[in-house]
Amino acid sequence: MAKISRSKLARGAKLLVKHIFTPMSDAQTEFTAANVTADQLKEPMAPFRINLSIPRIDGASCRVAGPDGNPPFMGIPFMLPPLQEHLSFTTDPRGEKVANISDSAPTIVLDEVSFSFDQRLEPAAIVGSWDGGAGPTGADEGKLSYARSSLLNIELFIYEKRPAWFEGGAASGFAPGRAVWSGKIESLDLSAGYFRLNPWVASDIGEVIDPFKTYIFAIHAPNLATLSPGSVDNDTVLTSVEVSLRFRGTLVPRDSGSDIQNIPQRHLGNPNANLTHATAATTGAGINSATPRPLLAAAPVAGADVRANTADGVQSALGTIDEFARRKLQGGYTFDGDTPMLEEAGSTAAYTVLAVPLFNNTKWGGILSNDWRSEPYITSGIAGSWAIDRRYIPIEAPMTVHHVLFTYNWQRFTWWTGAAASVIDTLPFDTAPPPGQDMRLQIGVGIGTGMKGDSFGYQQIAYSELHNPLNAGTWFNGAVDRIAHGNPKTMPFNPTTASVFGDWPWSLELHAMNTVNNVGDPGPGLNGMASQGKPIFIGRSTSPTASRTDVGGGASAVAGQEQWIEVRARIGDLGADVQNDYDADSMILGSGGLWVYIIGKTHLV
């Protein structure tokens, strides 16, 4: 074990206690203190994935131009910030906050990228809805086309950039700095009869991720929408796109202490809170060893005989250490949020990300004012109506939430007016009185209970609200990052001079959601370098683990019985009719919808 030193026995030297019993005693101390850390394990890192599901990509649903000037070029930003215990802020001599990361923070490595889409088990492409040039109702929509399989040339990129908060909002801070990874899928890879590379996988990448950088996963398929000599659109579509980014992160200790919100009072995450090895006075009985051994006795005194099987004998001592390994090292949580009776492992948690899409399967690819009421999930009424979307995530095992990030999207798309196609790239402006605009995004994360139960309830754990996109102070000044994705000519158009910018030099935004906070107990956050709540435990429970610490300054509304995580958002105007009172062709949400990233720790179970 790395933290245990051993004195080697020189020729002719006497056998001393430090040669045998000292290293074994040190090993027992590591075991009984639950101090076996990642650097002492054969596999010190654990994998996690960011999975991105995209219903469709074609040249109409995404009009952002890529490196060669052709759409579609879809971008999805994300960030992997430090966990709260590794993040801190200091103030430099100019009075500005500086983000710092501790040396114990896990190293995150991009290991693999996989990309797939639906070909119906055929070496063919799927005809898009805009095929034929007569609008989004082509006669061959959804059919297979073997001839168009040659159009399935796809380029993938992961770009890196310094977040805008470090650039002070300067225009030079919006464009990505470099591509940390790229991959190219040739149409031949996807049209072969027997050896199609779908899913297409790139492995052994080994790119270290900077926790203070933004990353943008970009998909460029420039040949999906082409023009034939007869000026008829040959529209091809990628459907059911699945992207999986596999990362590896160094194992870390689990969160513990009374300042962790919603954690079971029974143990507060502390190791051996139920029973200590010293109290048990044994190694504990394991699956492979039914009989526990007593802990090491005091070391033999100087001058004593060297013995084997006595209480202080060499063989007995080695047997105790071997017993710890035979019964397997215990740690982490049970599925109901309890801890093992006796624990030896200290690094039992891993960095993790839940990527949750919202509004990513709308009628046109994005949402616009002119066709507001045709979108699904629009609340009843005209004035003050909302577009609503939500996702449910079953809770299978305990986790703690450290940060919640979300994106907003201004990537342009195409709308069919009934006579011709219009590109939607205009930022929303409300012409109705009172003057100005009151478009809002209200977005939150909650934990719920009630399935097959006698009680029901929701507990909010994170929430944010943005309103008036053309007002810097209420929309984008607090953003973690603003990103110029694609050709500058495809950035959103500003219909008014009310913004501090003219036409926006960015099309993607990354924000931090405010997590709930127990009064007087904030944690370091990323929302414009402001504070947020301490980590929040989420997990199922039985009676012993149902009693929880406060969350958001009070007792949990679900009383430790959470069964699912709900991510929900609504977009609309407090009082205006979006379809009639907003400027024609106003973009309410861009192509691809938005994403919510729940970032924290998962645990060994």
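This report walks through some salt bridges and one strand of a predicted model.

## How to read the model

Residues are counted from 1 along each chain in the order its sequence is written. Because the model is predicted, local features need pLDDT of at least 70 and side-chain atom pairs count only at pLDDT 80 or more, while totals for chains, interfaces and linings use all residues; side-chain values rest on heavy atoms, with hydrogens and water left out.

## Salt bridges

Let us start with the charged side chains. How many salt bridges does a search of the whole structure find? The search finds 28, where a salt bridge is a side-chain nitrogen of Lys or Arg within 4 Å of a carboxyl oxygen of Asp or Glu.

One of them joins arginine 49 to glutamate 112, with 3.4 Å from N to O. This pair links distant parts of the chain, 63 residues apart: arginine 49 lies in strand β1 (residues 45–57) and glutamate 112 in strand β5 (residues 108–116). Strands here are DSSP runs of E with at least two residues, numbered from the N terminus.

## Buried or partly exposed?

Are the two partners covered to a like degree? Arginine 49 is partly exposed at 32% relative accessibility, whereas glutamate 112 is buried at 17%. The cut-offs are these: buried means under 20% relative accessible area, exposed means over 50%, and partly exposed lies in between, using a 1.4 Å probe and protein chains only.

Two further pairs are worth a visit. Lysine 184 meets glutamate 186, their closest N and O atoms being 3.8 Å apart, and glutamate 186 is partly exposed with a relative accessible area of 36%. Aspartate 438 forms a salt bridge with arginine 440, where the closest N and O atoms are 3.3 Å apart. In that pair, aspartate 438 is partly exposed at 22%, while arginine 440 is buried at 14%. Elsewhere, Glu160, Arg178, Glu207, Asp210 and Lys213 are joined into one network by salt bridges that share partners.

## Strand β28 and its partners

Now to strand β28, which spans residues 564–573. This strand is mostly covered, with 8 of its 10 residues buried.

Which strands pair with β28? Strand β16 (residues 386–394) does so in the antiparallel sense over 9 bridges, and isoleucine 388 stands opposite arginine 570 in β28. Strand β20 (residues 439–449) also pairs with β28 in the antiparallel sense, over 10 bridges. There, glycine 448 has tryptophan 564 of β28 as its bridge partner. Two strands count as paired if DSSP finds at least two bridges between them.

How values were computed:
Helix = DSSP H or I, 4+ residues; strand = E, 2+ residues; numbered from the N terminus.
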